[in-house]
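Trainee: I have just opened this entry and would like a friendly tour. Could you walk me through it step by step?

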Amino acid sequence: MVVYLTNEQPIINDTGLAALTLLVAESDPKQKETLVRLIMNMLAVAPAVASVDNELSRH
């Protein structure tokens, strides 16, 4: 499974998703919710970062 932006550019590939899954699974149970929120925020910010990168590469 690959998570995509609306323009079909990948945010994260299978390897990255697996690594994040293992990170959460192996983390201290007290820290799991924090890690999940951090990952969700990173994935939510990725479209904005990709948009800025695309604009910069056009100039």
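Mentor: Gladly! Let us start with a term: two residues are in contact when they have heavy atoms within 4.5 Å. Keep in mind too that this is a predicted model.

Trainee: Among contacts between residues at least 6 apart in sequence, what percentage join residues at least 24 apart?

Mentor: Here we set aside contacts between residues fewer than 6 places apart in sequence. Of the contacts that remain, the share joining residues at least 24 apart is 30%.

Trainee: In what order do the elements run from the N terminus on?

Mentor: There are two helices and two strands to place. Reading from the N terminus, the order is β-β-α-α.

Trainee: Which element has the highest mean pLDDT?

Mentor: Over the whole protein the mean pLDDT is 78, and 64% of the residues reach 70 or more. Among the elements, strand E1 (residues 3-4) has the lowest mean, 62. The highest, 92, belongs to H1.

Trainee: How far apart are the end C-alpha atoms of H1, and what span should its 13 residues give?

Mentor: A helix is expected to span 1.5 Å times one less than its number of residues. For the 13 residues of H1 that gives 18 Å, so the model agrees with the expectation, its end C-alpha atoms being apart by 18 Å.

Trainee: At the start of H1, which residue has a side-chain oxygen that reaches the backbone nitrogen of Thr15?

Mentor: Look at the backbone nitrogen of Thr15, at the start of H1. The side-chain oxygen that comes to within 3.2 Å of this nitrogen belongs to Asn13.

Trainee: Which residues make up the largest nonpolar core?

Mentor: Of the 59 residues in the protein, 14% count as buried. Helix H1 (14-26) and helix H2 (32-58) each give at least two residues to the largest nonpolar core. One member, Val24, touches Lys32, Leu35, Val36 and Ile39, leaving out residues up to four places away in sequence. The five core residues are Ile12, Leu20, Val24, Leu35 and Ile39.

Trainee: Does Ser27 count as buried or exposed?

Mentor: Ser27 sits in the loop between H1 and H2. Beyond its neighbours within four places in sequence, Ser27 contacts Lys32 and Leu35, and a polar atom of its side chain lies 2.8 Å from the backbone oxygen of Val24. The cut-off for buried is under 20% relative accessible area. Since Ser27 has 13% relative accessibility, this residue counts as buried.

Trainee: How far apart in space are Ile11 and Val45?

Mentor: Ile11 belongs to strand E2 (residues 10-12) and, at 23% relative accessibility, counts as partly exposed. In sequence, Ile11 and Val45 are 34 residues apart. From C-alpha to C-alpha, their separation in space is 9.8 Å.

Key
Residues are numbered from 1 along each chain as its sequence is written. This is a predicted model: local features need pLDDT of at least 70, side-chain atom pairs count only at pLDDT 80 or more; totals for chains, interfaces and linings use all residues. Side-chain values use heavy atoms; hydrogens and water are left out. Helices (H or I, at least four residues) and strands (E, at least two) are DSSP runs, numbered from the N terminus. Buried means under 20% relative accessible area, exposed over 50%, partly exposed in between (1.4 Å probe, protein chains only). A nonpolar core is a set of buried Ala, Val, Leu, Ile, Met, Phe, Trp, Tyr and Cys residues joined through side-chain atoms within 4.5 Å. A polar contact is a pair of N or O atoms within 3.5 Å; within protein, one must be able to donate a hydrogen and the other to accept it, and residues adjacent in sequence count only if both atoms are side-chain atoms. pLDDT is the predictor's confidence in each residue, from 0 to 100.
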